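The exercises below ask you to read burial, strand pairing and backbone geometry from a structure. Work each one through before turning to its solution.

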Amino acid sequence: MDARFLLGNAARLALKGELAFQFDRIPLVAKGVRGRKARNLARISANRLLHVSRTLGYPYMAHVAPSGVCNLRCERCPAHDEHTAGRTLLPYETFERFLEQTAGYLLYVILWAWGEPLLNPEIYRMIRLATERNVLTVTSSHMNTFSTQNARDMVAAELDALIIAVDGADPETYERLRPGGDFEAVIANTKLLLDEKRKTGSKKPYVNLRMVVSRDNENEVPAFKRLGRELGVDMISFKAYSTRQAGFSDPEWDRTRAPEDERLRWYEYGSDFDVNAAPGRYDCRFPWTKPTLFADGSVLMCEFDLGCEHPFGNINEQPFAELWFSDRGERMRHAFQRDRDSFEFCRDCVYDYSVIDGCVLEAEYLTDADGT
């Protein structure tokens, strides 16, 4: 969100109470942005644009982990690290408590973090609750755990957008990159959802078939595009591969995992595969605009605080406003603005020194946002 974006949306916001934007290139439209929500958006936009350390409003987006566990064993995934906090399922009551206190300000909620969200049997109730509270919902799934009833529940709950993480155009590549996964099951489950959308005439969820592009699968980009077109999804996207995570950076890892095709890389590398720092560090404002709720109720500045070392607090113990506007929260934001590296999880941030805007390399739209 920058000044150009806000100016471009000013007329639509004033006349219709709508805000059109993209999340990971997925087109979304927030409606009913009036009154308290519009006033808060103006206040928190000042935090985004002016870089004052004191928070001026409630967040306009949130990152929520319905699940901190996963049934696949992808390489280096924090969901299987014993030091990662919140490795459980988020109780519906905790999500309800969080939303009751924030929905009046939120435009959208991102329903995943370091686990598989559809493992939570309450996920569809959570989506429905957000829909009823006029909060857009986006989630990402490996789609190995799904059924006809799940398809009905997802469409009925009016999930706004679903990212299906596949990472391969054939069973061999997919199952090598996502150990424990079943490529044919993912394709069959995707068809279940798309069939339910067609039967009900629903335009939701907007389905984005996604591949994280690494050296293992970069040769399958054309085949992946064909797969998405054949399935009839709304969008196909390619996410950049990053080895940087919560204080971890290893040039040798980049040497063996980064795509050979430089156009498919998140970073520019030197001869020893050290990351070129010339693009500069990411202008992060998450401590002011996007809290993360882990499945155990912890409220954090960033999903990369894997060990929950710098929480605002816990939503099960204090109201959100007390956490968000607390003296502790203000001290953390001030420290963050003064020296971001004083927080371990900020060192080697995936967004630092990136040569692309965001994390998506390329997107192909097969339908418009309204499903046409």
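**Exercise 1.** Determine whether strand β6 (residues 161–165) is enclosed or open, and describe its two faces.

Solution. Begin with burial, where buried means under 20% relative accessible area, exposed over 50% and partly exposed in between, with a 1.4 Å probe and protein chains only. In β6, 5 of the 5 residues are buried, so the strand is largely enclosed by the rest of the structure. Next, separate the two faces, bearing in mind that in a regular strand the side chains alternate between the two faces of the sheet. On one side of β6 lie Ala161, Ile163 and Ala165, on the other Leu162 and Ile164, and all of them are buried, which leaves both faces covered. This is a predicted model, in which local features need pLDDT of at least 70, side-chain atom pairs count only at pLDDT 80 or more, and totals for chains, interfaces and linings use all residues. Residues are numbered from 1 along each chain as its sequence is written, and side-chain values use heavy atoms, with hydrogens and water left out.

**Exercise 2.** Identify the strands that pair with β6 and place them in the sheet.

Solution. Helices (H or I, at least four residues) and strands (E, at least two) are DSSP runs numbered from the N terminus, and two strands pair if DSSP finds at least two bridges between them. Strand β5 (residues 136–141) runs parallel to β6 and is joined to it by 4 bridges; within this pairing, Ser140 has Ile163 as its bridge partner. Strand β7 (residues 206–213) is also parallel to β6, with 5 bridges between them, and here Ile164 stands opposite Leu209. Stepping outwards, the open sheet has 10 strands in the order β11-β10-β9-β3-β4-β5-β6-β7-β8-β12, with mixed pairing. Its edges are β11 (311–314) and β12 (360–365), each of which pairs on one side only.

**Exercise 3.** Locate the unusual backbone geometry at Met143, Phe273 and Pro205.

Solution. As a reference, most residues other than glycine have a negative phi, and most peptide bonds are trans. Met143, although not a glycine, has a positive phi of about 60 degrees; this residue is placed in the loop between β5 and α5 (148–157) and counts as buried at 0% relative accessibility. Phe273, again not a glycine, has a positive phi of about 65 degrees and lies in the loop between α9 and α10, where it is buried with a relative accessible area of 13%. The peptide bond joining Lys204 and Pro205 is cis, with omega about -5 degrees, and Pro205 is found in the loop between α7 (183–200) and β7.

**Exercise 4.** Describe the surroundings of Val275.

Solution. First place the residue: Val275 is found in the loop between α9 (251–257) and α10 (286–289). With a relative accessible area of 19%, Val275 is buried. Then list its contacts, a contact meaning heavy atoms within 4.5 Å: not counting residues up to four places away in sequence, Val275 touches Arg244, Tyr267, Glu268, Tyr269 and Tyr353. Finally, Val275 and Asp250 are 25 residues apart in sequence, and their C-alpha atoms are 9.8 Å apart in space.

**Exercise 5.** Set these details against the whole protein chain.

Solution. The protein chain has 12 helices and 12 strands, and 55% of its 372 residues count as buried. Among contacts between residues at least 6 apart in sequence, 70% join residues at least 24 apart.
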